Amino acid sequence: MPESIVILTGAGVSAESGLGTFRDSGGIWDQYDLEDVATPEGFARNPALVHDFYNARRENAALAQPNAAHEALARLERRLLGRVTLITQNIDGLHERAGSRRIYAMHGRVDRAVCAACAHCWPSPPQLSTQTACPACGQSTCRPDVVWFGEMPYHLDEIEQALRRATQLVVIGTSGTVYPAAGFVEVASQLGAHTVEINLARSEASDAFDRVIEGPASEVVPAWVDEVLGSW
């Protein structure tokens, strides 16, 4: 079976670019009630609050720069052309800006908008509001093109196919508690893939992996990429 590396990234890979994580102590969900800003029901109750929240996330993402971990993963994809699939839970777009191309953003992108009326998607302006009109249908029913709690993540069919082909699954910078992504390690293990967790510290899911690497993403991810390329 040809080597196929599937990589899943979470907020920890972008933390050193200055973007806050969500579930760590002092993270974003300690500062906001996710029911208010990250659910369809919260958007229905107070769309202005949700727009303000994501306008701030969008500005932060636009000002951030890819770090050495993002760049190393893009380098791995270029060197192992066709053998690396990147899945990210992040909505910041930093992997794409670092040069990754074979990527599934399963939770959407904060720099894109979607119309709740006609489902048209387009690059988001810096600020969205309840008055922003859809360029396709003209209705003021736009929202950030991100997946909220209770909604189905994007690209699940493609992700399932990638997991079934994987000879190695590497999970970087995620808490391992949010499904369906938290279940990827079990699926990959059952199919015989070697599994690796790379995190600042051990997570609740660490025991499920064949190998655990601890340390800052900007240091340990490039080192892991060098190790992989050196053994190729």
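**A tour from the sheet to the cores**

Start by selecting Gln 168 and His 194: in this predicted model, His 194 of strand 8 is the bridge partner of Gln 168.

Extend the selection to residues 168-172 and 194-199. These are strand 7 and strand 8, paired in the parallel sense over five bridges.

Next, show the whole sheet. It is open, has six strands, and runs in the order 3-2-1-7-8-9 with parallel pairing. Now pick out its edges, strand 3 (103-105) and strand 9 (211-214). Each has a single partner strand, so one side of each is left without a neighbour in the sheet. Turn the view to follow the twist, which averages 15° from one strand to the next.

Select residues 217-230. This is helix 9, which packs on the sheet. Helix 9 touches strand 1 (5-9), strand 7, strand 8 and strand 9. Its direction makes about 135° with that of strand 9.

Now go inside. The largest nonpolar core has 23 residues. Select Ile 7, Leu 76, Ile 198, Val 221 and Trp 224, which touch the most other members. At least two core residues come from each of strand 1, helix 5 (68-79), strand 2 (84-88), strand 7, strand 8 and helix 9. Which element gives the most to this core? Helix 9 does, with seven residues.

Zoom in on Val 221. Neighbours within four places in sequence aside, Val 221 is in contact with Ala 69, Ala 72, Leu 73, Ile 172 and Ile 198.

Last stop: another core, of 17 residues, lies apart from the largest one. Select Val 6, Met 106, Val 171 and Ala 181, which are among its residues.

Terms used: Residues are numbered from 1 along each chain as its sequence is written. This is a predicted model: local features need pLDDT of at least 70, side-chain atom pairs count only at pLDDT 80 or more; totals for chains, interfaces and linings use all residues. Side-chain values use heavy atoms; hydrogens and water are left out. Two strands pair if DSSP finds at least two bridges between them. Helices (H or I, at least four residues) and strands (E, at least two) are DSSP runs, numbered from the N terminus. Axes are lines fitted to C-alpha atoms, for helices over the stretch in contact, and angles run from 0 to 180 degrees between N-to-C directions. Contact means heavy atoms within 4.5 Å. A nonpolar core is a set of buried Ala, Val, Leu, Ile, Met, Phe, Trp, Tyr and Cys residues joined through side-chain atoms within 4.5 Å. Buried means under 20% relative accessible area, exposed over 50%, partly exposed in between (1.4 Å probe, protein chains only).
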